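Me: I'm new to this structure and would like a close look at a single part. Could you walk me through the helices of chain B that pack against each other, and then add a little about the other chain?

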Amino acid sequence: MASPLHTVSSMTSMQNRSADATPSGQQAGSPAVPADRRPAIAIELSRAAVTFGQGAGALPALSETTLRIADGEFVALVGPSGCGKSTILRLASGLVQPTAGAVIVGGREVAAKALRVGMAFQNPTMLPWMTIEQNVMLPLKIVEPFRSQFRSQRKSAFRDKAHALLEQVGLKGFAGRYPWQLSGGMLQRANLCRALIHEPRVLLLDEPFGALDQFTREELWSILQDLWLAHRPTVLLVTHDLREAGFLASRICVMSARPGRVIDDSAVPFARPRSIAMTFEPDFVALNQRLRDLIVEARTMPMTEAGA
Amino acid sequence: MTMANQDMKRKAWAAGLILAFFAGWELFCLVTGMSDLVLPRPTQIAEVLVARLPVLWPHILQTLATTMAGFVLGVALGVVLGAFIGVSKVAYDTAYPLLIGFSSIPKVAVVPIFVLWFGSGTVPAILTSLAICFFPIVVNIATGLATTEPELEDVLKALGASKMDILWNVGLPRTMPFLFASLKVAVTYAFVGTVLAETVASNRGIGNVMMSASSNFDVPLVFAGLFILAALGVALYVAFSLVERRVTGWATRKNDLVASAQ
């Protein structure tokens, strides 16, 4: 498990995480570390391409894409629908293997198992036979080093951890409920807890707030920002919502239409913590406008490389 | 009117109609003057049951034990086979034709073979009961696993879970409602298998009792045997229904389970 980016802090709470040293002696994503001393790259796609199927029915989903995300960065991926944004996430999580090129997460080829990655999908996909608490604790049952302690800790330390997270997202008192007893917004909150409970250094979010109403969404943005500021995991967020991208991310990558590739990559300059009010200020609106134009252009662009 | 009241009323109706069924049977026999050699009255059967219970008791235990042994083995075999078929395409393609072929064979034709191999008695009865009850379990487990939503599996795959982890944490729990549906069918089949083998090749058990009773024209005793079998079947069905409600309450979302889930 000891990769340079995975801080294996056995039983410490999420709050103490930034104090743990990585094996190389550097601090894992702590804000105090100068940017140039950061352990460089958390997620790297080098000329990675994905094609589904073979022969005449082959469907290119992602053309050769190179993308580097530094440790502790918060990157948003936007673009027209069907452009391969989710494919990039699935590459990074190991759910899809690249047909060409390489994908390296935490210094290792993604094909290797047991990466400590947290993932949240657009659908909350809670397991219906488990309570919310059990669902949130699921990664601890699977991922080392928690896995070997699961039996002894599930009633005490792990449970406290789950409850602390649930409280942070406003789900105090719902731990014992079953998924079908909760609303969509509540499930998505629990989903976020499940993605975070095993203290992943890399968090992959696939439109996690897409199905929520405006106000719940904004509330969860703030919660996610707080969690990111506290623990500084590397986040790759796929979204359709440009306000969401601008509010949360430190960097926004715009993708072209299918088969996608990154056509624009720019930093988001606004100071943190950001407020919802900020998203209505002229600078932010201008950024939004620029991204929107890029995507509109990408949508109408002829698929020049598709036949290749 | 409250929910509880409605529920009580519904159950009272059901109980009343079941009683009416037996009353109708009794009445039919009395009015038509039916001979008890053809169709005994329910009261006659009950009388025989009470009077002969001490003699019948060891046979009841024998049949119950044999059935349970066959059923437990059948469930074990069915779950393992079903898991294989549900997970592996090769196993699916290989096993399904064989299974369907095997389950199409009338089990009464198989009993003599079991007797040839193991002699008459309990073992062929256990095997017959196993052979007849494992098929619905295999089919249901395989279907449950094959229809598991890939999204649920992705949650674990993204965590780097092994195939075994996924089967254990997603596949099998997801399949529980399917398993219980098949268990209720399988347990009644298991009785059929046991009694079949006891009738053909055994000197113990309810099947044997009914066989010898009918050759003595002791028709009320034959019916008493049928009643016992029916009662045992219903009892086990109810037992599994109760366990099912506890284990797979998440799939039925009954109102009364909301309260118990807290």
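Reply: Here's a walk through those helices, followed by some notes on the other chain.

First, some ground rules: this is a predicted model, where local features need pLDDT of at least 70, side-chain atom pairs count only at pLDDT 80 or more, and totals for chains, interfaces and linings use all residues. Residues are numbered from 1 along each chain as its sequence is written, while chains are lettered from A and ligands numbered from 1 in the order in which they are written.

Let's start with helix 4 (residues 111-118) of chain B and helix 5 (residues 122-146) of chain B, whose axes come within 9 Å and cross at roughly 140°. Helices here are DSSP runs (H or I, at least four residues), and strands are too (E, at least two), numbered from the N terminus. Axes are lines fitted to C-alpha atoms, for helices over the stretch in contact, with angles from 0 to 180 degrees between N-to-C directions. That angle makes helix 4 of chain B oblique to helix 5 of chain B; under 35 degrees counts as roughly parallel, over 145 as roughly antiparallel, 65 to 115 as roughly perpendicular and the rest as oblique.

Who does the touching? Helix 4 of chain B brings V111(B), F114(B), V115(B) and F118(B), and helix 5 of chain B answers with V123(B), P124(B), L127(B) and T128(B). Two residues are in contact if their C-beta atoms, placed from the backbone, lie within 7 Å. By class, this contact has 7 nonpolar, 1 polar and no charged residues. (Ala, Val, Leu, Ile, Met, Phe, Trp, Tyr, Cys and Pro count as nonpolar, Asp, Glu, Lys and Arg as charged, and the others, Gly among them, as polar.)

Helix 5 of chain B also meets helix 7 (residues 163-201) of chain B: their axes come within 6 Å and cross at roughly 160°. That makes helix 5 of chain B roughly antiparallel to helix 7 of chain B. Their contact has 20 nonpolar, 10 polar and 2 charged residues.

Now for the other chain. The contact between the chains takes 20 residues from chain A and 17 residues from chain B. Strand 6 (117-120) of chain A and helix 2 (132-142) of chain A each give two or more residues to chain A's side. By class, that side has 14 nonpolar, 5 polar and 1 charged residues.

One caution: over residues 1-38 of chain A the pLDDT, the predictor's confidence in each residue from 0 to 100, is below 50. Where pLDDT is low, the predicted coordinates should not be read in detail.
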